[in-house]
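Colleague: I would like a close look at a single part of this protein, its nonpolar interior. Please describe how that part is built and how it sits within the chain as a whole.

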Amino acid sequence: MKKKINSWWFLLRFYLYTLAVMIPKVAYFERLTKKGEIEKRNKKAFEVIQKWADYTVKIGGSDVKVYGIEKIPTDRPVLFIANHESYGDVPMLIYALRDFNFGFMMKSTMGKIPFIKNYLEYMGSVMVNQSDMRQALSAINEAADVINQGHSIVIFPEGKRSFSNTPATFKNGAFKVVRKTCVTVVPIYLHNVHLTYEANERCVCGADVTVTVLDPIETKDMSRADVQMLNETVYNVISDYAKNFDNISHK
């Protein structure tokens, strides 16, 4: 019962914050859109999103440790590839990667929710319908355009939550973005995020969460064969790190 009470208390504060802070600002951002002040809109909107992520992590009670941020290139956009454990992955990544503006490649259902679709647009996110091959290919082209315009993107190539610290097999579709951009790939391993909800009887609670940025993978000079195998390469990097997590010194 205590877990449920804590979860209800979290959700109450979460939705009140959303209603009081995030939704009212959409009208302001839409006015900037009409004025053509897109860069200003996106910057201001990401600041709001960052505060939302910080607040979500705070009231969720998790202790989040972040490692390897210094490995991320700052002179160009990158393609972040992360394992997908939980609904909490999104705020955890926004919290951890606070010095980098980026969007997500997400399921198209998220883009149908009022006001959320606005913020996803401001972030430069791309919606993909996995059941519609033509739309999925269009989304890959859109993601490539976003990167070529200088904006980073996060992709969860598993396609669905794993509910564990062990990554599921990566699908190849997301890596087609690399073929069109030669973007630097930055693997990220999320650890224990599933304990904040899915593995806790679907009740929100705090956990010792770790977000680790692994060594970037340059793709500019990769052969076509290496690019085609990139999903397996990145999966192995993240999976091997996950297997050895308890033996790694996180300092």
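Modeller: The account below begins with the chain as a whole, turns to the nonpolar interior, and ends with two loop residues. The model is a predicted one.

The protein chain contains eight helices and seven strands. Its radius of gyration is 18 Å, close to the 18 Å that the globule rule gives for 251 residues, so the chain is as compact as a globular protein of that length. The C-alpha trace spans about 55 × 50 × 35 Å along its principal axes. Of the 251 residues, 49% are buried. Among the contacts with a separation of 6 or more, 74% join residues 24 or more positions apart.

In soluble globular proteins, nonpolar side chains tend to be buried together. Here the largest nonpolar core has 46 residues. Those with the most contacts inside this core are Phe-80, Leu-93, Ile-94, Leu-97, Phe-102, Phe-104 and Ile-188. Several elements each supply at least two residues of the core: the helices are helix 1 (2–35), helix 2 (38–60), helix 3 (89–96) and helix 4 (116–123), and the strands are strand 2 (78–82), strand 3 (102–107), strand 6 (184–191) and strand 7 (208–213). Helix 2 provides the largest share, eight residues.

Phe-104 merits separate attention, as one of the residues with the most contacts inside the core. Leaving aside residues up to four places away in sequence, Phe-104 touches Val-90, Leu-93, Ile-94, Met-123, Ser-125, Val-126, Ile-153, Val-154 and Phe-156. Two of these partners, Leu-93 and Ile-94, are also listed among the residues with the most contacts inside the core. A second core, separate from this one, has 30 residues, including Val-146, Ala-174, Val-177 and Ile-238.

As for the surface, the protein chain exposes about 13100 Å², of which carbon and sulfur atoms supply 53%. The chain carries 33 positive and 26 negative charges, and the mean positions of the two sets are 7 Å apart.

Two loop residues next to elements of the largest core complete the picture. Phe-115 lies in the loop between strand 3 and helix 4, and its phi is positive, about 70°, although Phe-115 is not a glycine. Cys-182 is in the loop between helix 6 (176–181) and strand 6. Cys-182 likewise has a positive phi, near 55°, in a residue other than glycine. With a relative accessible area of 41%, Cys-182 is partly exposed.

Terms used
Residues numbered from 1 in each chain as written. Predicted model: local features only at pLDDT ≥ 70, side-chain atom pairs only at ≥ 80, totals over all residues. Heavy atoms only, no water. Core = buried A, V, L, I, M, F, W, Y, C linked by side-chain atoms within 4.5 Å. Buried < 20%, exposed > 50% of the residue type's maximum accessible area, 1.4 Å probe, protein only. Helix = DSSP H or I, 4+ residues; strand = E, 2+ residues; numbered from the N terminus. Contact = heavy atoms within 4.5 Å. Rg over C-alpha atoms; globule rule 2.2 N^0.38 Å. Areas by Shrake-Rupley, 256 points an atom, 1.4 Å probe, with all protein chains shown as cover. Lys, Arg positive; Asp, Glu negative; His and termini not counted. Charge placed at Lys NZ, Arg CZ, Asp CG, Glu CD.
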